[in-house]
Amino acid sequence: FSEKALDISLFNSYDKEVLKPEKTNINKVLSDLIKSKEWIDAGKKINFVKTFNSSSTVLNLDPKYIKKCVYNIIHNAVKFSPIEGRITISTMDKDAHLIITVKDEGFGFDKGFTISDIKTFDNKEHFDENPGLGLYLSNQIVKAHDGYLENGNNTDKGAYVNICIPL
């Protein structure tokens, strides 16, 4: 909680100045996140599927914050996925952007929910260890990289989040 809150405060105060961009292999970042022991420890036996179709594998990004961004989105996907569910992580190039998609088989987003509308500490239901800061922080990180997030529900079941970063 406290690390996310501090990061949010940094982005609120300094925006892009927080970033330390460097050449970053996005496929390596994504692969390392998928292999994280944390997902095994979650006890859900999630099946991760990766489909990397982007020709843009090395981008000028802040690796620390891009990793945090994708981590938060994968964390939510694991949290809301059923036991032995599948999470697909894919990349592609579209309209001069790298699109990273995280797709799960959970119950999906509430109707009308968009990540860009999230406000910090706006939900009085979150007085536990999960105050709902992950998606908000991910949105800040992507915006600081001049990108945007898209979200929606899959046609069959579950939800997706697209991380769209300019090439």
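The paragraphs below look at a helix pair, the nonpolar core and two individual residues in a predicted model. Local features need pLDDT of at least 70 and side-chain atom pairs count only at pLDDT 80 or more, while totals for chains, interfaces and linings use all residues. Residues are numbered from 1 along each chain as its sequence is written, and side-chain values use heavy atoms, with hydrogens and water left out.

Helix H2 (residues 26-34) packs with helix H4 (residues 63-80) at an angle of about 40°, their axes being 10 Å apart; helices here are DSSP runs (H or I, at least four residues) and strands likewise (E, at least two), numbered from the N terminus. The contact (heavy atoms within 4.5 Å) is made by Ile-26, Val-29, Leu-30 and Leu-33 of H2 together with Ile-66, Lys-67, Val-70, Tyr-71 and Ile-74 of H4.

The largest nonpolar core (a set of buried Ala, Val, Leu, Ile, Met, Phe, Trp, Tyr and Cys residues joined through side-chain atoms within 4.5 Å) has 40 residues, of which Phe-48, Ile-74, Ile-89 and Ile-163 touch the most other members. Among the elements that give two or more residues to this core are H2, strand S4 (86-94) and strand S7 (159-166), and the largest share, 8 residues, comes from H4. Not counting residues up to four places away in sequence, Ile-89 touches residues including Leu-30, Phe-48, Ile-74 and Ile-100.

Helix H4 also holds Tyr-65, which is buried (under 20% relative accessible area; exposed is over 50%, partly exposed in between, with a 1.4 Å probe and protein chains only), with a relative accessible area of 3%. Tyr-65 and Asp-7 are 58 residues apart in sequence and 9.3 Å apart in space, C-alpha to C-alpha.

Note on methods:
Axes are lines fitted to C-alpha atoms, for helices over the stretch in contact, and angles run from 0 to 180 degrees between N-to-C directions.
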